[in-house]
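Visitor: I would like to go through this structure and ask what stands behind the labels used for it.
Guide: Ask as we go along.

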Amino acid sequence: MSISSPSTEQGQVYQNFIGGEWRNSRSGETFTSTNPAHTSEVIGLYQRSTADDIEDAVEAAVKAQPGWAAIPAPERGEILLRTALLLEQQKEELAAQMTREMGKILKETRGDVQVAIDVAKYVAGEGRRAEGETIPSALPNKFCMTIRHPVGIVGIITPWNFPLAIPAWKTFPALLAGNAIMLKPASDTPLLSLKLAELLQQAGLPAGVLNVVTGPGGSLGDVLVSHKKVNMISLTGSTEVGRRVAEICGRDLRRCALELGGKNAVIVLEDADLELAVECVTWGAFGTTGQRCTATSRVIVQKSVQRAFTDRLVAAAEKLRVGDGLNPQTDMGPLVNTGRVKAVQGYSEIGKLEGAKLVLGGSPLNEGDYREGAFYKPTIFTDVGPTMRIATEEIFGPFVSIVPVVSYEEAVKVANSTEYGLSTAIFTENTRLTFRAMRDIESGLVYFNTSTTGSEIQLPFGGMKSSGNGHRELGTSAVEEFSEIKSIFVSYPTRK
Ligand code: NAD
């Protein structure tokens, strides 16, 4: 069986994966995904699915789930391990496909595939680890323990910026926990989720345990999120969509795990190693063209070093080579689509109107080699006020707002002042301030003397405030996220 049906004049057609089969949508319609570096290049035609396709996929999952849960967890883990090996074999090809599909440079798409490989190996091992705890009873002749139970059917909804890593880091632990899945990837990047289904099938995943349906987030999302047979929704996306999903899940008391937006800050104190801070901000702000949930979007800098820091950052950003991510010389690829170029340009206009000082970029790149792509210049504003829109709203582009402050206390106050709380980094050599910052910063990820990006899969990942709803992915609790915990009490009195 093949992931795609024969190509048409318009391009390669990819199908949904339902009940272990590749199928066209019942709508008979498709949508097109193009390369953001060359927008005339079609990556594929994907199924424009409808509620009927979601219904078919959920039914397939309901049918498959009990059989899957009955397979011993170590055996479920073996399938993930085989998937890791297949991903390793195809790493280069998958990375290149991802670069063509969403634009980020090869070094980063290789990293995206590597995350999927690492998570598969890590979670595979969970199949052989303790499934619960034994806990002493307060009463004589009584034995107490906890065991895990699958949640049942999990609806997974993913964004376009990590086309393989995020679907993988949700899917693998959900599978290990004995659940069946209905996965809906973002419409800018459906290919890698379909590839993931293909590899899991090759690794031995039974039919119906993972189903992938492509199509519009609004209509399909609403159907999936409100489906009575779906027991849990796991969404990574914008805070706006997260709020809507949480409202719908709340009505039915459906479990819902949300990983949402950020407005991540780097704090640069006057004793910081400025060279290191500049290097890390350049990578944190312009890596993935600023389209990471953990991207550095604000730099809160002590006034005494504002000038020195800003000059060095501008010099470093000016050197970045913008272009097609497939070219090994490129440092920064395009935005994911031309709509995002307009959105980022809107923020450059807002920054100027708000009275911030533009020191680099501030406009699209659209001439010569850039003519056919969604390119934007690395952009830096300084003298940004902490309440300006460019200092408080998620921009999701190669755009940094430098906010001057006088003290550590003011820096923390500004860092904590947005609605988000995903990732914060602090550059200082001062041990006392380091420990105070561990306590004071309101975000799920706190880094010292390194970038706001760069989490590791064996640590929990997630945000505070409007960056999520308190769940954590990855790390030691990855499988627990997708499990119910049952407390068991066994009494064995001595009287007959
Ligand atoms: P998005 O919210 O527009 O879309 C995310 C997914 O939700 C897509 O699959 C989309 O089709 C779907 N969707 C859209 N409307 C829906 C609805 N009404 N109901 C259900 N699903 C719906 O986000 P995006 O543009 O794909 O990704 C960028 C956003 O994701 C940014 O805000 C970024 O910060 C966030 N993000 C967060 C993390 C994290 O771990 N915290 C990681 C990556 C991205």
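**Salt bridges, exposure and a sheet**

Guide: There are 25 salt bridges in the structure, which is a predicted model.

Visitor: Why is the contact between arginine 23 and aspartate 56 called a salt bridge?
Guide: The cut-off is a Lys or Arg side-chain nitrogen within 4 Å of a carboxyl oxygen of Asp or Glu. For arginine 23 and aspartate 56 the N to O value is 3.9 Å, so the pair qualifies.

Visitor: What makes this a link between distant parts of the chain?
Guide: Arginine 23 belongs to strand β4 (residues 21-23) and aspartate 56 to helix α1 (residues 51-70), 33 residues apart. Glu21, Arg23, Arg26 and Asp56 are also linked in a network of salt bridges.

Visitor: Why is arginine 23 called partly exposed?
Guide: Buried means under 20% relative accessible area and exposed means over 50%. Arginine 23 has 28%, which lies in between, so partly exposed is the term.

Visitor: Glutamate 126 and arginine 129 also meet in a salt bridge. How do you know that?
Guide: Their side chains come to 2.8 Å, N to O, and the limit is 4 Å; therefore the pair counts.

Visitor: Which of these two residues is buried and which is partly exposed?
Guide: Glutamate 126 has a relative accessible area of 11%, and buried means under 20%, so glutamate 126 is buried. Arginine 129 has 43%; that value lies between 20% and 50%, so arginine 129 is partly exposed.

Visitor: What makes glutamate 393 and arginine 389 a salt bridge?
Guide: Their closest N and O atoms are 2.7 Å apart, so the 4 Å criterion is met. Glutamate 393, at 23% relative accessibility, counts as partly exposed, and so does arginine 389 at 38%.

Visitor: Turning to the sheet, what is the order of its strands?
Guide: Seven strands run in the order β16-β19-β20-β15-β14-β22-β23, in an open sheet with mixed pairing.

Visitor: Why are β16 and β23 said to stand at the edges?
Guide: β16 (357-360) and β23 (445-448) each have a single partner strand, so one side of each has no neighbour in the sheet. From one strand to the next, the twist averages 20°.

Visitor: How do you know that β22 and β23 pair?
Guide: Pairing requires at least two bridges. Strand β22 (residues 423-427) and β23 have four, in the parallel sense, so they pair. Serine 423 stands opposite leucine 445 in β23.

Technical notes:
Residues numbered from 1 in each chain as written. Predicted model: local features only at pLDDT ≥ 70, side-chain atom pairs only at ≥ 80, totals over all residues. Heavy atoms only, no water. Helix = DSSP H or I, 4+ residues; strand = E, 2+ residues; numbered from the N terminus. Axes fitted to C-alpha atoms, helices over the stretch in contact; angles between N-to-C directions. Buried < 20%, exposed > 50% of the residue type's maximum accessible area, 1.4 Å probe, protein only.
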